[in-house]
Protein chains: 2
Amino acid sequence: MILTKSSKELYTEYTHRMQKIADIKYSAAVLQWDQETYLPAKGADFRGRQLATLSEIGHEWFVDPTLGLLLQTLDERADLQEDEKRNITLSLEDYEKQKKFSPAFVRLLSEASSRCFHAWLQARAANSFALYKDELQKLVDLKKQEAELAGYEKHPYNALLDQYEKGATVGLLDQVFNEVRVPLKEILDRIAGRPQVDDAFLRGDYPKQTQWDFGMDLIRRMGFDFEAGRQDLSEHPFTTSFNPHDVRITTRIDAHDFSHMTWSCIHETGHALYEQGLPPHYYGLPLGEFASLSIHESQSRLWENNIGRSERWWKTIYPRLQTLFPGQLGSASLEQFYKGINKVHPSLIRTEADEVSYHFHVMIRYELEKQLIQGTLSVDSIPAWWNENYKTWLGVTVPDDKRGCLQDVHWSHGSFGYFPTYSLGSFYAAQFFATAEKQVPGLDEAIGQGQTAPLLHWLRESIHRHGRRYTSEELCQQATGKPLDINYFLDYLLDKYGNIYNF
Amino acid sequence: MILTKSSKELYTEYTHRMQKIADIKYSAAVLQWDQETYLPAKGADFRGRQLATLSEIGHEWFVDPTLGLLLQTLDERADLQEDEKRNITLSLEDYEKQKKFSPAFVRLLSEASSRCFHAWLQARAANSFALYKDELQKLVDLKKQEAELAGYEKHPYNALLDQYEKGATVGLLDQVFNEVRVPLKEILDRIAGRPQVDDAFLRGDYPKQTQWDFGMDLIRRMGFDFEAGRQDLSEHPFTTSFNPHDVRITTRIDAHDFSHMTWSCIHETGHALYEQGLPPHYYGLPLGEFASLSIHESQSRLWENNIGRSERWWKTIYPRLQTLFPGQLGSASLEQFYKGINKVHPSLIRTEADEVSYHFHVMIRYELEKQLIQGTLSVDSIPAWWNENYKTWLGVTVPDDKRGCLQDVHWSHGSFGYFPTYSLGSFYAAQFFATAEKQVPGLDEAIGQGQTAPLLHWLRESIHRHGRRYTSEELCQQATGKPLDINYFLDYLLDKYGNIYNF
């Protein structure tokens, strides 16, 4: 019967089904957003089951064999337009991957994640890994099972990596990280041998409301559309999107440290601009989705670092900042401020790390997850393993679990294989930004006048509007004319930090 | 096959299915809450379709014939426990009603409501009924269709009334309103002939943040559990619940009128205490739901009026209020304050109306809806009809649609047949409160000391814990020993206002 229908009819049916699945997925995203911003404590248990039911339906609808048949039929039709073909190819790929998991398994995972998330909140509050490990163990067991169900070559972790970054494998990531590890360590060592910069002025008494207002102003300047999104507070800053017209970011504010709020705002706005730039007419379809997590992260890191830690950009904003906090910043020059916000100093917390040592935070988590999923590291051993590796690679002593292995929320969401995309994101960011500088006339001058609209325009044209049309690598090739080249990132670091630390 | 299963097995399956339906229903409630509190403007279109998809699934699952068969089978089993039997009876009743509507029709209604809600927001902002009427017309047409699908005797409006208040009919409501209309008008007239009370001190400069803090304190004093709920701001105050552990209320604050925020807080908290008092172990089942809308409203009105506009209760709170607003209230005595907050003065806005004239607002809407659904009044004629009836019954001239027929959100939610429950709620409230005063030793003294815990305990025991076990009438009989008797309400008014206005 399906064979007698026109491609147009079938494609309409496909769109209709995919958009209903998207409604469920984004409804779950609203519940998750609420869970991390406004949910009262006792609401957690029922919220967990509500989310699990939504995950289950979304998955059930997507792995429905009649949808599979529809996709296969459309995949063989020759009379689809190019965009339609691409949507079908990608949806079929997703279908083949997803159908390996039963709705019941997806529900189990969702419920285990909710429990793990709440255990994490409690464990952090009590500063005790012991309160967390049982729920984490259950989730790790499920993730191992997930890897087996998904299937993989060589390493079970490959199955999980591929979910966040198509084509990523232990083999490829080992290679990239091996390429970058030694040069990064050398930069760190050279910086350590130079006179250190002062960033004491970033800490002090920074009233929360003034910080919030300043952050909102930054977000607006970057081009975030507040008619199509909002910012709230949460324990851990994040971006989520329910469609390109409703993109939510969060931040957290430390009344004694100005940097947390500022660069989390800039970082999340980078993510949000990408989401607001996706084509809304492809709601629910692959071409309406982001390309990959590494590309997503390239957007946040580009804004956070290439713009948000540049002297150029701060030139016009810093005077205003000084008037907001005259006591704290009145006597720090722009040059001092610029050096301070780029201080390289290996430390405990990933989200507060400088651009150089940051990648050791990622590499440590990557190694840990690899072993955890392979079964060569036990959940119980995480804190000891973590602390040892922080000592080895970053030279820091972890004083407690809160500032150690409990610092990130990702595992509690079931996200294993996610962290490597953070480093890839930085590497892509450097390459994208260098290309934009070449391709956009007067870009540096515009940024120096606080005008980032030309940059956003370039990002919208080169990256955002394509949705998931290209893989990370294809998109990189398309936007920059080359595959990912780690030297853009290393050159950027050498140039920037050579100047700051005078080596 | 179903016949061979034990009742225990079947009942477990029933529970499981009902709780999953509840997950969907409450997920939609989260999206609706977000829509009225935090949704950015452009997010409205996709939110509409997300809500429509959730309504559609929730309905589809509930009217699934296999659930019908399960309910019918369980209904005939003799070995269920009493609570189980009651759940099955009520669910089967719901099923028989709901199966008359196709999931596609439910989706249409949901989408039309979303569009109507946004048209309402715009129409209010622009103060123009013209911007609203087309969407309202579509919704009214759907509601008429709904009445036909549901079936009714005598009057199509009966089909809609029954959805909010089981057993309510035009016949019964005409009778109740006829009984109350003349005595209420007499009270209004007697008051109008007496020297008027002064409430000018309620208006003035009341800083929003101080109001908010005071409102939060009131809510806490009333026994609202902030670990199981929260308050936010919205255009129109409301209460929603995602389960008894997560009950959300909203308020609005007028910086020039202290009364809006205060009595909306108290009113919504009354609703919220009921929701927080429902048995959480019956999540998703009828015994975990509220009895009816009139009983729900009895809870909000009891707190708002019988407590929140009593001299007794304010005795301990008023001194604190005076210290918060010394310039505005410093020179108003408790007696003046008490009289001021009970000033009877027919006016334009229902939610700001006094306890006496309030019911004319309801009766006008009731008559209007009755005719609208019957087709004897057109959507176009609403403003003129409205303004004429406000002149006739309340003696006020409606200056514009915003303060006229655009003031309430209900129609935009598709809620026709809802308003009468507001009056019934007041009538039940008077009867419940009079009974509590008789049954709880020392209740008045406790309230005079600001202690409302004994009252809350009585409400929890007599009303909240029963969920939907009894109809409004049964619950009234059970809690007060009598069916609804309008004289409790009239006596309360005569006593209270006879004292205030000295007649």
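Trainee: How many residues are in the hairpin that joins β2(B) to β3(B)?
Mentor: Good place to begin, and keep in mind that this is a predicted model. Strand β2 covers residues 239-243 of chain B and pairs with β3(B) in the antiparallel sense over four bridges. The hairpin joins these strands through two residues.

Trainee: Which residue stands opposite B:Arg248 of β3(B)?
Mentor: B:Arg248 belongs to β3(B), on one side of the strand together with B:Asp246 and B:Thr250. Its partner comes from the antiparallel pairing of β2(B) with β3(B). The residue opposite B:Arg248 is B:Thr240.

Trainee: Do strand β1 of chain B and β3(B) run parallel or antiparallel?
Mentor: Two facing pairs help here. B:Gly229 stands opposite B:Val247, and B:Asp232 stands opposite B:Thr250. The numbers rise together on both strands, and five bridges join β1 (residues 229-233) to β3(B). The two strands run parallel.

Trainee: In what order do the three strands of chain B form their open sheet?
Mentor: β3(B) pairs with β1(B) in parallel and with β2(B) in the antiparallel sense, and the pairing in the sheet is mixed. The edge strands, β1 and β2 of chain B, each pair on one side only. Neighbouring strands are turned by 20 degrees against each other on average, direction ignored. The order is β1-β3-β2.

Trainee: How many of the six residues of strand β3 of chain B are buried?
Mentor: Let's look at the two faces, since in a regular strand the side chains alternate between the two faces of the sheet. On one side are B:Asp246, B:Arg248 and B:Thr250, and on the other are B:Val247, B:Ile249 and B:Thr251, with both faces covered. In the strand, residues 246-251, the number buried is six of six.

Trainee: Is B:Gly167 buried or exposed?
Mentor: B:Gly167 lies in the loop between α7 (156-164) and α8 (170-192) of chain B. Not counting residues up to four places away in sequence, B:Gly167 touches B:Asp162 and B:Thr471. A residue with 12 or fewer C-beta neighbours within 10 Å falls in the open class. B:Gly167 has 12 such neighbours, so this residue is exposed.

Trainee: How far apart in space are B:Gly167 and B:Val247, C-alpha to C-alpha?
Mentor: You have already met B:Val247, which is buried in β3(B). B:Gly167 and B:Val247 are 80 residues apart in sequence. In space, C-alpha to C-alpha, they are separated by 28 Å.

Trainee: What does B:Ala119 count as, with 19 C-beta neighbours inside 10 Å?
Mentor: B:Ala119 is found in helix α5 (residues 103-126) of chain B. Leaving aside neighbours within four places in sequence, B:Ala119 is in contact with B:Leu131, B:Tyr132 and B:Glu135. Being buried takes 20 or more C-beta neighbours. With 19, B:Ala119 therefore counts as partly exposed.

Trainee: Are α9(A) and α10(A) roughly parallel or roughly antiparallel to each other?
Mentor: α9 (residues 208-222) and α10 (residues 258-276) of chain A pack at an angle of about 30 degrees, with their axes 10 Å apart. Angles under 35 degrees belong to one class. The helices are therefore roughly parallel.

Trainee: How many nonpolar residues does the contact of α9(A) with α10(A) have?
Mentor: Among the residues that meet are A:Leu218 and A:Ile219 from α9(A), and A:Phe258 and A:Met261 from α10(A). By class, the contact also has four polar and no charged residues. The nonpolar count is eight.

Trainee: At roughly what angle do the axes of α10(A) and helix α11 of chain A cross?
Mentor: The axes of α10(A) and α11(A), residues 293-307, come within 7 Å. The crossing is right-handed, and the residues that meet include A:Trp263 in α10(A) and A:Trp303 in α11(A). The angle is roughly 135 degrees.

Trainee: How many charged residues are on the side of chain A that touches chain B?
Mentor: In the contact between the chains, 32 residues of chain A meet 32 residues of chain B. The elements of chain A that give two or more residues are α1 (7-37), α2 (44-62), β1 (229-233) and β2 (239-243). By class, this side of chain A has 15 nonpolar and seven polar residues, while the charged ones number 10.

Technical notes: Residues numbered from 1 in each chain as written. Chains lettered and ligands numbered in written order. Predicted model: local features only at pLDDT ≥ 70, side-chain atom pairs only at ≥ 80, totals over all residues. Pairing = 2+ DSSP bridges. Axes fitted to C-alpha atoms, helices over the stretch in contact; angles between N-to-C directions. Parallel < 35°, antiparallel > 145°, perpendicular 65-115°, else oblique. Contact = placed C-beta atoms within 7 Å. Nonpolar A, V, L, I, M, F, W, Y, C, P; charged D, E, K, R; others polar. Left-handed = near helix turned anticlockwise from the far one by under 90°.
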